[in-house]
Protein chains: 2
Amino acid sequence: MRKIFVLRMGHRLHRDFRITTHCALVARAFGADGIIISGDKDDDIIKSVEKIKASWGGKFEARYDKNWKSSIKDWKKRGYVILTTMYGINLPDAEKIIKKDSAGKDILIVVGSEKMPSEIFHIADLNIAVTNQPHSEVAAIAMILDRIFAGMELKRNFRNAKMKIRPQEKGKRVVSV
Amino acid sequence: MRKIFVLRMGHRLHRDFRITTHCALVARAFGADGIIISGDKDDDIIKSVEKIKASWGGKFEARYDKNWKSSIKDWKKRGYVILTTMYGINLPDAEKIIKKDSAGKDILIVVGSEKMPSEIFHIADLNIAVTNQPHSEVAAIAMILDRIFAGMELKRNFRNAKMKIRPQEKGKRVVSV
């Protein structure tokens, strides 16, 4: 089966901890196989994702890679690289292009921080925007994965979970499994 | 036309600045009419959202309300209140319930911070989860608005914008309007 990873570029210690953690948790919850974090090395994020995985299951992998450029180049050899940026092709149009051009290939979804090096715009196979309005890389990851998996990611089962939620109209119910 | 607002509960100064800002920008980009921020009073967020609106257009409203409970009760009088929580009904099932029960009504989408007062689970008309896995309120807002607007929010036009993006497969193009 093909692999889908997220690459989070330009992570900054402390300042980006929560946003990068949200990126990782969304990537996991929405069916990506892992996240590569570039920028400052931050073991706490990796640990925090591992902890979630230990409780809630699945095979999601979080790792650090100092060199985002070689990481992208590696992925380009065998897969399809999407850059998320508000300047790209809007998702409703990009959806068809991804489907056609990435068929059977691994996918890397690159999200950046506030300042992206300009060469990144030309390295990716496709630059995708979600609305062409300023918003959030966290939401962009969710929406792109949602379109790639056509909504099926929301029904995904996470294997080897220690805890599972029994959905409630009102209230909380968590069971040990 | 019906109004859709987001209520961000339990905002904490400094610590939540970026996450709450992402919530507000996603709410705006995905077609909500405004955000109500509860918890600590934080004028910088309101200013930051106003600045985005001045450049990128639209009528999005950001305001502070100390009392989340009276805010929710006000909305319940004329509208439908959704709480986003990982313990709720998963979005694919909740989608049909929202469509039926909120028809013609205003909608308030409530998102919380880490600790939510337990009564909130019973005040809302419906508790919605997006995947029943831990992830992000930022992504939850995007996904719920996406399902309410059936994807049309991505093509929304923001009136009175000073700047607009011309989508590019590679590179940046922003025009003054």
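The two copies here meet through the same surface, because 98% of the interface residues of chain A are also interface residues in chain B. Keep in mind that this is a predicted model.

**How the chains meet**

In numbers, 45 residues of chain A are in contact with 44 residues of chain B. Quite a few elements of chain A each supply at least two residues of the side that touches chain B, among them helix H2 (43-56), helix H4 (91-101), strand E6 (126-129) and helix H6 (137-148). Which helix gives the largest share of that side? That would be H1(A), with six residues. Sorted by class, the side of chain A that touches chain B has 25 nonpolar, 13 polar and seven charged residues.

Now for the symmetry. Lay chain A on chain B and you get an RMSD of 0.0 Å, using a turn of 180 degrees and a shift of 0.0 Å along the axis. The two copies are thus related as by a two-fold rotation axis. If you want a landmark for that axis, look for A:Ala139: of the residues of chain A, its C-alpha comes closest to the rotation axis, at 2.2 Å.

**A covered strand in chain A**

Next, have a look at strand E5 (residues 106-111) of chain A. Is this strand mostly covered or mostly uncovered? E5(A) is mostly covered, with five of its six residues buried. E5(A) has two strand partners, listed here with one residue pair for each.

| Partner of E5(A) | Bridges and sense | A residue pair |
|---|---|---|
| Strand E1 (residues 4-11) of chain A | Five bridges, parallel | A:Val6 with A:Ile109 |
| E4(A) | Five bridges, parallel | A:Ile82 with A:Ile109 |

So to speak, A:Ile109 does double duty: in E5(A) it is the bridge partner of A:Val6 and also of A:Ile82. There is a helix in the picture too, since E4(A), H4(A) and E5(A) make a right-handed β-α-β unit.

**A two-faced helix in chain B**

Over in chain B, turn to helix H3 (residues 68-78). The residues B:Trp68, B:Ile72 and B:Trp75 of this helix are buried. Seen down the axis of H3(B), these buried residues fall within an arc of 65 degrees, so they line one face of the helix. What do they pack against? The buried residues of H3(B) pack against strands E1 (4-11), E2 (34-39), E4 (79-90) and E5 (106-111), plus helix H5 (120-123), of chain B. The face turned away from the buried side of H3(B) carries the exposed residues B:Ser70, B:Lys73, B:Lys77 and B:Arg78.

Definitions and conventions: Residues are numbered from 1 along each chain as its sequence is written. Chains are lettered from A and ligands numbered from 1 in the order in which they are written. This is a predicted model: local features need pLDDT of at least 70, side-chain atom pairs count only at pLDDT 80 or more; totals for chains, interfaces and linings use all residues. Two residues are in contact if their C-beta atoms, placed from the backbone, lie within 7 Å. Helices (H or I, at least four residues) and strands (E, at least two) are DSSP runs, numbered from the N terminus. Ala, Val, Leu, Ile, Met, Phe, Trp, Tyr, Cys and Pro count as nonpolar, Asp, Glu, Lys and Arg as charged, and the others, Gly among them, as polar. Copies are superposed by least squares on the C-alpha atoms of residues with pLDDT of at least 70 in both. A residue is buried if 20 or more other C-beta atoms lie within 10 Å of its own, exposed if 12 or fewer, and partly exposed in between; C-beta atoms are placed from the backbone. Two strands pair if DSSP finds at least two bridges between them. A crossover is right-handed if, with the strands pointing away from the viewer, the path from the first strand over the helix to the second runs clockwise. The arc is that of the directions from the helix axis to the C-beta atoms.
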